[in-house]
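Reader: I would like a close look at one part of this structure. Please pick a single element and go through it slowly, with its surroundings.

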Amino acid sequence: MKLSRRVSWFLLAFGVWSWVIWVTFAKNLFKDASGLAFDDAGNPTAYLWVHLALAVTSFILGTAVGVVGLRGVRANK
């Protein structure tokens, strides 16, 4: 299957965007002062684990989509 140049660039941009958004989210999650991510004793809560799992999953999927886009961009040169 051959991807168009436009679709390849879109997939690559989506992969990069996914990393930027979720890295920022993960940083903010660990700096959380509202008490959602960590309880009063400083232990991680279920909120932290669920959102960390979402971030890791998005990193993996964003990387996969970005790699497909990168391969498409390289193939179109």
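Author: The part chosen here is helix 2, and one of its members is Val56, in a run that covers residues 46–75. The model is a predicted one. Val56 has a relative accessible area of 40%, so this residue counts as partly exposed. In sequence, Val56 is 34 residues away from Trp22, yet their C-alpha atoms are 8.4 Å apart in space.

Next comes the helix as a whole. Helix 2 is built of 30 residues, and the distance from its first C-alpha to its last is 43 Å. That is close to the 44 Å expected at 1.5 Å a residue.

Helix 2 also has buried residues: Leu48, His51, Ala55, Ser58, Phe59, Gly62, Gly66, Gly69, Gly72 and Val73. An α-helix has 3.6 residues a turn, so residues three or four places apart point the same way. The cover over the buried residues of helix 2 includes helix 1.

A residue on the other side of this contact is Ser8, which is found in helix 1. Ser8 has 0% relative accessibility and therefore counts as buried. Leaving aside residues up to four places away in sequence, Ser8 touches Leu3, Gly69, Gly72, Val73 and Asn76. Among these, Gly69, Gly72 and Val73 are also buried residues of helix 2.

Helix 1, made of residues 5–30, holds Phe14 too. Phe14 is partly exposed, because its relative accessibility is 36%. Phe14 joins Phe10, Val16, Trp17, Val20 and Ile21 in a nonpolar surface patch of about 600 Å².

Technical notes
Residues numbered from 1 in each chain as written. Predicted model: local features only at pLDDT ≥ 70, side-chain atom pairs only at ≥ 80, totals over all residues. Heavy atoms only, no water. Patch = residues over 30% accessible without salt bridge, like charges linked within 9 Å, V, L, I, M, F, W, Y side chains within 5 Å. Areas by Shrake-Rupley, 256 points an atom, 1.4 Å probe, with all protein chains shown as cover. Salt bridge = Lys/Arg side-chain N within 4 Å of Asp/Glu carboxyl O. Helix = DSSP H or I, 4+ residues; strand = E, 2+ residues; numbered from the N terminus. Buried < 20%, exposed > 50% of the residue type's maximum accessible area, 1.4 Å probe, protein only. Contact = heavy atoms within 4.5 Å. Expected span 1.5 Å × (residues − 1).
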